[in-house]
2 protein chains.
Amino acid sequence: MRPGPRRSLTHAEILDAAFDLLEAKGFAAVSVRGVAGSLGITPTALYTYYPSKRALLRGMIEHLLARLDVGADEHVAVTGATTVDAVRARVLRIALSLRELLAGHAGALELIMSGPLDGPNAMRLDEALLESFATAGLALDDAAPAVYAVRAYAFGSIALQSAEVDVEADAAASEPLIKTDVPGAALWTDLARFPLTEQAATVTAQRNSTAQFVWGVERLLDGLLARG
Amino acid sequence: MRPGPRRSLTHAEILDAAFDLLEAKGFAAVSVRGVAGSLGITPTALYTYYPSKRALLRGMIEHLLARLDVGADEHVAVTGATTVDAVRARVLRIALSLRELLAGHAGALELIMSGPLDGPNAMRLDEALLESFATAGLALDDAAPAVYAVRAYAFGSIALQSAEVDVEADAAASEPLIKTDVPGAALWTDLARFPLTEQAATVTAQRNSTAQFVWGVERLLDGLLARG
DNA sequence: ACCTGAACACCGTTCAAGT
DNA sequence: ACCTGAACACCGTTCAAGT
């Protein structure tokens, strides 16, 4: 087919195809050519819908964050729970929802880290967190950096976790990554120099990573809400 | 020159060239071909020193983290400062050193996020943080996740900041990134729907980003050390 | 052991041309 | 407006061959 018939795709169809690629073959496979190919279209045709790869990725991020559960600002007055407890529960729920979203789709983290988070759904996330901290009695001067801290912890935590997962994938390519003479690399396996790290490794191995994530959010909230 | 003379490069020379490229042209420019080219060498020749691009990046990460200041475990008994205050100061110093290191070199964050942090210098970082929390009286069961939380906050914070910086770079390409019909994108600029976020934006704009980073570390430490 | 040159299977993006 | 085909300037990696 030379010029081809008018196919007229939806943005939603394109994004769905992109996510299928992301889930099936990872972030690297989400190329302009790859997405176009899976839609039976030329790379150039995709540029009719999105002016650049970056724009396509932005669209994907919004699509993903649309599924984020930010909860509601229910003032639980009737039950025995204090407002602060309700706020803690909501922030934790948001953080866990974010984690689930990014851990669930392979490559979603790289996607989200590939650019700034300033779309409407990212703002929805910020608004929910700000609302929570305001409800807990924080002034905006404290609530704004508190939101920043929660976002930083959540994204960093997910990033560290997903980087660790990559190790297992690399285990197949088991050749030594370094050969000689890199400064400081001679003692690559000298665990004895880091006794606490060695001990901690066994502790960490036993712990559920979700539990660790939650524990950190709780500690952060301890510090954040102490000023309410 | 066909087969060429034996140049016999050092790993250090290669890494220096790679960092020059990183600083001058960003992470994307750190390609096997690019690094090889800047050394006056064929891409294939680079594979004699590093078996893959990933291995080269690992070498770069170690090279970078070697400059990390993790402080020392001085028990300040003489001065009026409590041990807990000394620990707070040390953790903060490490976090700031990490931030400075990654913010200083353009593209360093992408570099560090490109793979797991398990080299000797990454372990040196972990060991220093574990030591700090142990000194503050935390049991290893709490110290290990505390280290995890600090790392998560620090990396996440730096990641969010560097993603924001990219916005300014994109300002030149000022065409609209989305055209129509993306779900939820119609209200892309509808700031009125997020009143708190709008207010917070003016607050955040006034604040120094380093101050915000420090504030978050302090709050996290508040929560972490409350159990010592 | 270290290096070259050619090749394979990819990238993002642009441009003239078709309907 | 939507699409094609060809092209430009790139990727990481492999392989046979040279010294």
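# Exercises on a predicted two-chain model

Arg90(B) is buried, with a relative accessible area of 9%. The exercises below, which concern a predicted model, begin from that residue and move on to the helices and annotated spans.

## Exercise 1: The setting of Arg90 in each chain

Determine in which helix Arg90(B) is placed, and which residues Arg90(B) is in contact with once its neighbours within four places in sequence are left aside.

Solution. The first step is to locate the residue: Arg90(B) belongs to helix α5 of chain B, which comprises residues 83-104. The second step is to apply the burial cut-off, under which a residue is buried if its relative accessible area is under 20%; with a value of 9%, Arg90(B) is therefore buried. The third step is to list its partners, which are Val70(B), Gly71(B), Ala72(B), Asp73(B), Ala128(B), Glu131(B) and Ser132(B), with neighbours within four places in sequence set aside.

The exercise can then be repeated for chain A. Arg90(A) sits in helix α5 of chain A, residues 83-104, and is buried, its relative accessible area being 9%. Beyond four places in sequence, Arg90(A) is in contact with Val70(A), Gly71(A), Ala72(A), Asp73(A), Ala128(A), Glu131(A) and Ser132(A).

## Exercise 2: The overall make-up of chain A

State how many helices and strands there are in chain A, and what percentage of its residues count as buried.

Solution. Counting the elements gives 10 helices and 0 strands for chain A, and reading from the N terminus the order is α-α-α-α-α-α-α-α-α-α. Turning to accessibility, 48% of the 228 residues of chain A count as buried. As for contacts in chain A with a separation of 6 or more, 75% of them are between residues 24 or more positions apart.

One pair illustrates a contact between residues distant in sequence. Val214(A), which lies in helix α10 (residues 209-225) of chain A, is 122 residues from Leu92(A) in sequence, while the C-alpha atoms of the two are 7.3 Å apart. With residues up to four places away in sequence not counted, Val214(A) touches Leu92(A) and Leu96(A).

## Exercise 3: The two sides of helix α9 of chain A

Work out which residues of α9(A) are buried and which residues on its other side are exposed.

Solution. Helix α9 of chain A spans residues 195-206, and its buried residues are Leu196(A), Thr197(A), Ala200(A) and Val203(A). Viewed down the axis of α9(A), these buried residues fall within an arc of 120 degrees, so they line one face of the helix. On the other side of α9(A), the exposed residues are Thr202(A), Ala205(A) and Gln206(A).

## Exercise 4: Helix packing between the chains

Find the angle at which α9(A) and α7(B) pack and how far apart their axes are, and then classify the residues of the contact.

Solution. The geometry comes first: α9(A) packs with helix α7 of chain B, residues 120-135, at an angle of about 85 degrees, and the axes are 8 Å apart. An angle from 65 to 115 degrees counts as roughly perpendicular, and α9(A) and α7(B) are therefore roughly perpendicular to each other. The contact is formed by Pro195(A), Leu196(A), Thr197(A) and Ala200(A) from α9(A), together with Met123(B), Asp126(B), Glu127(B), Leu130(B) and Glu131(B) from α7(B). Sorted by class, this contact of α9(A) with α7(B) has 5 nonpolar, 1 polar and 3 charged residues.

The pairing of α7(A) with α9(B) can be treated in the same manner. The axes of helix α7 (residues 120-135) of chain A and helix α9 (residues 195-206) of chain B come within 8 Å and cross at roughly 85 degrees, which makes α7(A) roughly perpendicular to α9(B). On α7(A) the contact involves Met123(A), Asp126(A), Glu127(A), Leu130(A) and Glu131(A), and on α9(B) it involves Pro195(B), Leu196(B), Thr197(B) and Ala200(B).

## Exercise 5: Annotated spans and Gly34 of chain A

Describe the residues of chain A that UniProt assigns to the feature "DNA-binding region", and decide whether Gly34(A) counts as buried, partly exposed or exposed.

Solution. According to UniProt, in an unreviewed entry, the "DNA-binding region" is at residues 31-50 of chain A; this span is 55% helix and 0% strand, and its end C-alpha atoms lie 13 Å apart. The UniProt annotation "domain: HTH tetR-type", likewise from an unreviewed entry, covers residues 8-68 of chain A, a span with 64% helix and 0% strand whose end C-alpha atoms lie 29 Å apart.

Gly34(A) lies in helix α2 (residues 32-38) of chain A, and at 22% relative accessibility Gly34(A) counts as partly exposed. Apart from residues up to four places away in sequence, Gly34(A) touches Leu21(A) and Ala29(A).

Technical notes: Residues numbered from 1 in each chain as written. Chains lettered and ligands numbered in written order. Predicted model: local features only at pLDDT ≥ 70, side-chain atom pairs only at ≥ 80, totals over all residues. Heavy atoms only, no water. Buried < 20%, exposed > 50% of the residue type's maximum accessible area, 1.4 Å probe, protein only. Helix = DSSP H or I, 4+ residues; strand = E, 2+ residues; numbered from the N terminus. Arc of directions from axis to C-beta. Axes fitted to C-alpha atoms, helices over the stretch in contact; angles between N-to-C directions. Parallel < 35°, antiparallel > 145°, perpendicular 65-115°, else oblique. Contact = heavy atoms within 4.5 Å. Nonpolar A, V, L, I, M, F, W, Y, C, P; charged D, E, K, R; others polar. UniProt positions renumbered as here; feature names shortened; annotations may be inferred.
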